Amino acid sequence: MEWQEVLINLLRNKISLLGIFIILFFVIIAVFAPWIAPPASPRDPYMIPRAGWSPQPKPPNEEHIFGTSENQYDIFYGIIWGTRTAFRVGLIVVGISTFIGITIGTISAFYGGMVDEVMMRVTDIFLSMPFLVAAIVLTTILGKGLDNVMIALVTFGWMSTARLMRSQVLEIKTEEFVEAAEALGASDMRIIMRHVLLNTIFPVVINASMRMGSIVITASSLSFLGVGAPTGYADWGQMISFSRNWILGTQGNALQFWYTVVFPGVAITLFCLSWNLVGDAFRDILDPKLQN
Amino acid sequence: MKKKIGVLLLSLVLVFSLASIVGAQEVKKEDTLTYVTIGNQNTLDPHFSYDTGSAEIIYNVYENLIAYQGESVTEFVPLLATEVPSEDNGLIKDDGKSYVFPIREGVEFSNGNPLTPEDVKYSILRGMINDRDGGPIWMLYEPLLGLTGLQDLVSEVLGEDISPADLSSEQSAEVFAELEKVIEVNGSNVVFHLRQPYPPFLNILAQGASWGSVIDKEWSIEQGAWDGSPYTIAEYYNPPKEDDPLYDKMMGTGPFTLEEWENGDHVYMKRNDNYWRRTANFKTVVIQNIDEFSTRRLLLQRGDADIIYVPNQFLSQVEDMDGVTITTGIPTQQNMVGIMNWEINTKGNDNVGSGKLDGEGVPSNFFADKDVRMGFIKAFNYKAFIEDVRMGNSIQIGGPIVRPLLGTSEDQPVYHQDLAAAEEHFKNAFDGELWEKGFQITLLFNTGNSARQTGADILKTYIEGINPKFKVDVRGIQWSSYLDALVQGNFTLGFMGWLGDFPDPHNWVTPYLAGDGTFGGYKGDLYKEWANETVEPLIEEGITTVDPAKRKEIYKELQTIAFEEGIDLWLDQPTGHNVRRTWVKGWYPNAMRPGLDAYILDKN
Amino acid sequence: MSKEKLIDVKNLATYFHTEEGTVKAVDGVSFEIYPGETLGVVGESGCGKSVTSLSIMRLIESPPGKIETGEIIFDNKDLTKSTQKEMRKIRGNDISMIFQEPMTSLNPVYTVGDQIMEAILIHKDVNKKQARQESIDMLTKVGIPLPEQRVDEYPHQLSGGMRQRVMIAMALSCDPQLLIADEPTTALDVTIQAQILELMNGLKDQFGMAIMMITHDLGVIAEVSDRVAVMYAGKIVEYTDVETLYANPKHPYTWGLMHSIPHIEKDVDRLQAIPGSVPNPLDFPQGCKYNTRCPFATDKCREVEPEIEEIEESHQVACWHVDKLEEAKAKEKKEKEKE
Amino acid sequence: MINYIIRRLLILPVILFGVSVLVFAMLMLVGPYQRLSTYIKSPAELKTANLDSLVEKYGLNDPFHQQYGRWISGVLKGDFGWSETAGATVTEAVLQRFPATLELALLALIPVIMGGINLGVFSAVHHNDPWDHVTRVFSIVGWSIPTFVFGLVVLMIFYGVLGWFPPGRLSVWASDIIRSSEFVQYTHLNIIDGLLNANLKVVGDAIRHLVAPVFSISILWWAYILRITRSSMLETLRKDYIRTARSKGVKERVVVKKHARKNALIPVVTVAGHMVLGLLGGLVITETIFGYQGLGQFFASAASQLDYAAVLGLALYFGFLLILINLCVDVSYAIIDPRIRLE
């Protein structure tokens, strides 16, 4: 299926259209963040300004339309700028880890033999640690900060792509045109680039789009556990961690601090939902086995 | 068929759940005290323990020679001794260099072994031989020998730098001979011999100081603790925690005995029915460790917990609870201070930007300039901090020493926010160069401590408002990174706290002001030189002077120097609070008590 | 032929209603099969021949597929009006089917024995042991060596030819009156193809059943069929007995197909040999659906669709220009003679 | 197949060795003074702690192979070292927490697998029905809600407002019963122990504490399994052999249950291994939110305190568990699919 055709199908499918719509909405928020929520300190706009020093959250009011969370961080500001954080983490981590996965998977499958064996065992080793747990360890070691979160997620996030790519390449390698190119004496690099990559990249791209949501969730989980974004950094996971101590409200008013969890919770859920909607539709469209 | 089973299971679950909701309400045992707090216990060995979690358990199981009287932290009552030594009763002799403790008779350890003066001597010597790295035993060495630990004594006796762990048995005996001089059994008395007078010595031995606990010699040796021999120092010095025989076992004379300890989860203690005083009111004492505040709150609300730990910021969440009593405004022996590093390492340190005075960073000696320090101090909003962060539960301090210790008074000066003055100071700093060029600095705090973070955020807000060229970042780092930053000299300004070891001003001026103090020691050579000339002679004089009136003057002066020089940003002394069910009777505060004293409480 | 019809399909139309539009996969098809004969249905892929057979079996997935009009009279009943429950009694019992891909038409997770037994157990009143014995007998009949052993093997342990034999065994296990064979040999090697066809011919006589042989291969048709229906774009365009068809094709499409019977020197896909491609079923041309590829197409062809008519005895054709084809045939013949 | 299992088992030590080297290498990125934080817990301890001698004592500045050698030789003797976070040896700490995690994981896995598969089959059979759309939306939304958001909302509503499902593993009164001498802890799984001791109050209390975490952890994987099963089932239902089965006159219910489901499960089984991996990660979050003392919470706190003995030990433990689980997956794969079994 051609790119254009896929795109048309995506736009025609109601589910994916909804997803695309939400993504666009977030893109607009991210792009216009400086206008929607003007930063107090332009030097570091990602730090959420504090509206005071009291630890207790304050409900939505005119000045802070979503209220303020623990330690008076403005929830609205955090959500707006957190959109940028989400895109940054998602795109960079998915991009780099997919690239690494493609490289390793291709090399492994193309050369086979010992190279393949060693690379696949290394992949197994990386796969033997639960993703989140491994990311926690590495982020703790590297220290707080979004860069470190991204490094950790990339380090433990390339394996599935590598495996997928490897199986794709193994399949395509036996096809005639690759064998023909080999027989014609094309260089390895050229064969990989021209013939193999072009023919196998598609499922990998779908896989990548479907990973956007889960990567953002994992990054937020790290922030939620306190090993991710620096304190006060606009990050949805951290916004939710600010609500942890206030979940039960005061006596007789259990939902008193609902806004501390609901707003950021909705933001992150919608973000992941949109990518999953698109990814799901993507898969349905591209999966030839599901075609009528 | 399957569906039927599913429905059956589901209804069973519901029935059980409902049953347990109902069942939960009925249990309110009168002979059990349940205290729910955070954290864990590092160890149960009184000579190893240096944390409140451990000290709390030790407090209820072991006893010291003397104890504090009621709420006081300066007056004592006898406990395992029959009298509190004083100049007046003649039990403090040789100008404060000998302390005589008559040991109570008829006291038994909970295993039935009688308490003897030998046990007291063994306890002290065992502690001093154990002397673990980073442990509390310096508080025995400092008063008794004027040293910081066994390593110093070995060097002194043998004249060479040899680790106590490498001593041969002859060398061990040699060192032990010197060590043994500090304590002597004289009939039913135990006599301590100090090299120099040390006024807070009684505080160091009072109940609440786990290192002063009396352990059962016979039982301890059975467990594998120091065998009492002079030749075996090497074997028992600085044990790894997991090899310490008393790590998870206790045998004291106190009102409770240890029943079960699951570290970080719970401690069960049982009443010592063989106790030498009136036996305790509770058959069982449960200390639970639950880090999540919401859970603790609910346990209190439903009466499953009798006392819970409530962090200051959540106090409002328990205020209106029925059947709950809250005591606030309890003075504590702790403070919070913005520590300023006088000599910041600028190589490879991302906290100081360029490391130069060029507007892109700060130079190494940034905080060595008094105007910079005063600028930071004057920019801080003390009022907002006390009101918003502490919610009023705090006392501002004007120096390292906390109230009500010597050298403090109600009318002593404290800092106030004065942005004009701050601006003036910044303009004067570095001969005006700083004002021209600006600076960029990162303030550190250890993550999870929101008061410290807010302190740094307040500084950032106001200082950046003074001059747009001033750029302040606030960064939270983990304790491990903090430790590293401290050791490498990478840290700049950060809020830290000190928890008093014993209620004497000496314990407060030393860590902050001394050039080799816990905090002072990491402020670089610039500070060391300065401290050497100005404050250290006074610190030395303070601890060797016996007369309280004279001491008071000395500490007052130290407090004034600290205040006027703006050595650190002296912030506050938070007051404590206690949240308990109203049915818990008999509670009163004491600043040196590490948490729970189950013996004084009653639920009837 | 005066025998009673085994199955009589009248004006059958099966449409698929998809989001993109309605696909008229089968659009007014009529034919009949007599007991014991073999009807060949031939056409390019997508012409509706498989849908026709699935319609008979009532195995069209619905939605989107639906039998719109027509009757399928079998055993005096109109199958289009039967309930699924009634159909289940007919399927595998009176009418069975074998499929193109023996590789995928057998369930990989059950032994071949299990799968043959399943049909027997459904339709016959026997116990498992008897069913197993019958399965072994069937395997013997379809020429599988060591049937006692094979019966417990899984499909992947068998070769393609063997699997098709298993399929045949399964289809014949309940002694059906009609066997629908949907491209039974397409996926097989040429030598195996011949064996399978031979087997089917043999079994047809042995079991006395009729066969509806669906294929795109005129060679196969020639070998096994009595009569032939040629389908194009959902319609039967030519319908006659096999000798007549080969001797005297009347529809340009049939003629085109025959022309494309392989020339060894030209290594091309047989059915692609007719220029152009099968029209998009969502967008059939007006008029005769073959007009886009037909060398004789005229304006009339592009406007009005020809109905199928009997132009000779038992020879039905749907074309406006049977005469033009005759001219072309004559011309070709001349050229051949010149050579 | 047996050869395959043996090969897998033979490769197990290699993988575990790799995991330990990997984790160790990560931990070595941390400077020696930073790693001292395991031993120095508060500023007060700095007074008498001789940092340099501590570094030397624990050999924190030794070259990689020496430090690793020390650790691995301990492991070979069965000594995984001392965990400062747990205040116990790593082995003790893991053994103590494992039953809690096992109870949670089992209770989460069973509904996930049963419910997910059945719903997936249901959804596929009702392809494009309203029911299918409902389950699809449910699965996509379920897959998109982060565990920690879901967990907090559950806590807020079912604990804060309704007071039904409290956090923790047992109520205090129930812990008292469990620890009393009359109560025998056969398995340390509270529900089973409660049943064996015929103490329904304990069973009820254990269930009450498990409902919320089980729900939070399973929703994600429920959605996941549902999704995989649905698409696998849809694919299978289009397979030729399904048509064959129908053409034999097999009832539709039998077609779905016998012919389609078993084949559709093959890809589901392969992702089950993947799911368990994610489940272990999810435990970290869930146990943290619900204050449930298990391995996940232990791992999180050990990692954040750089308790390297515990982190290494747990990494190995999880690695071992995973390989074992993957082996089980492979075996069940083979049970379902004769093509693999008879290879």
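**Chains A to D: chains, charges and rings**

I will start with chain A: of its contacts between residues at least 6 apart in sequence, 73% join residues at least 24 apart. A contact here means heavy atoms within 4.5 Å.

Some ground rules. This is a predicted model, in which local features need pLDDT of at least 70 and side-chain atom pairs count only at pLDDT 80 or more, while totals for chains, interfaces and linings use all residues. Residues are numbered from 1 along each chain as its sequence is written, chains are lettered from A and ligands numbered from 1 in the order in which they are written, and side-chain values use heavy atoms, leaving out hydrogens and water.

Staying with chain A, we have 12 helices and zero strands. Helices (H or I, at least four residues) and strands (E, at least two) are DSSP runs, numbered from the N terminus. The pattern along the sequence of chain A is therefore α-α-α-α-α-α-α-α-α-α-α-α. Taken along the principal axes, the box filled by the C-alpha atoms of chain A is roughly 75 × 45 × 40 Å. Chain A has 292 residues, and 59% of them are buried. Buried means under 20% relative accessible area, exposed means over 50%, and partly exposed lies in between, with a 1.4 Å probe and protein chains only. About 11800 Å² of chain A is exposed, with 65% of that supplied by carbon and sulfur atoms. Those areas come from the Shrake-Rupley method with a 1.4 Å probe; for residues, only the protein chains shown count as cover.

On charges, chain A has 18 positive and 21 negative ones, and their mean positions are 5 Å apart. Lys and Arg count as positive and Asp and Glu as negative, with His and the chain ends not counted. The place of a charge is NZ of Lys, CZ of Arg, CG of Asp or CD of Glu.

Now chain D. Its secondary structure comes to 15 helices and two strands. The C-alpha box of chain D, along the principal axes, is roughly 85 × 50 × 40 Å. Of the 343 residues in chain D, 59% are buried. Among contacts in chain D between residues at least 6 apart in sequence, those joining residues at least 24 apart make up 70%. Chain D exposes about 13100 Å², of which carbon and sulfur atoms supply 67%. It carries 29 positive and 22 negative side chains, with the centres of the two sets 12 Å apart.

Which chains share the most contacts? Of the five pairs of chains in contact, the answer is A and D. Chains B and C are joined by no contact, and their closest C-alpha atoms lie 24 Å apart.

Next, the rings. A search of the whole structure gives 78 aromatic pairs over all chains. Rings of Phe, Tyr and Trp (its six-membered ring) pair if their centres lie within 6.5 Å; planes under 30 degrees apart count as stacked, over 60 as edge-to-face and the rest as tilted. One of the pairs is Phe138(D) with Trp222(D), edge-to-face, at 5.7 Å centre to centre and 85 degrees between the planes. Phe138(D) is in helix 6 (residues 130–144) and Trp222(D) in helix 10 (residues 200–237) of chain D, so the pair ties together parts that are 84 residues apart in sequence. Both rings belong to partly exposed residues: Phe138(D) has a relative accessible area of 30%, and Trp222(D) has 24%. Tyr317(D) and Phe318(D) make a tilted pair, 6.5 Å centre to centre with 50 degrees between the planes. Phe318(D) is buried, at 2%.

Chain B has an aromatic cluster whose members include Phe366(B), Trp435(B) and Phe470(B).

Two charged ends sit over rings. The definition is NZ of Lys or CZ of Arg within 6 Å of the ring centre and within 35 degrees of the ring normal. Arg88(A) has its charged end over the ring of Tyr46(A), 5.0 Å from the centre. Lys258(D) does so over Tyr110(C), at 5.2 Å from the ring centre.

Last, some backbone details. Arg403(B) and Pro404(B) are joined by a cis peptide bond, with omega about 5 degrees. Pro404(B) is in the loop between strand 14 (394–396) and helix 13 (419–428) of chain B. Met391(B), in the loop between helix 12 (382–389) and strand 14 of chain B, has a positive phi near 50 degrees. In chain C, phi of Arg58(C) is positive too, near 60 degrees. Arg58(C) lies in the loop between helix 1 (49–57) and strand 4 (65–74). Is each of these two residues buried or partly exposed? Met391(B) is partly exposed at 27% relative accessibility, whereas Arg58(C) is buried at 18%.
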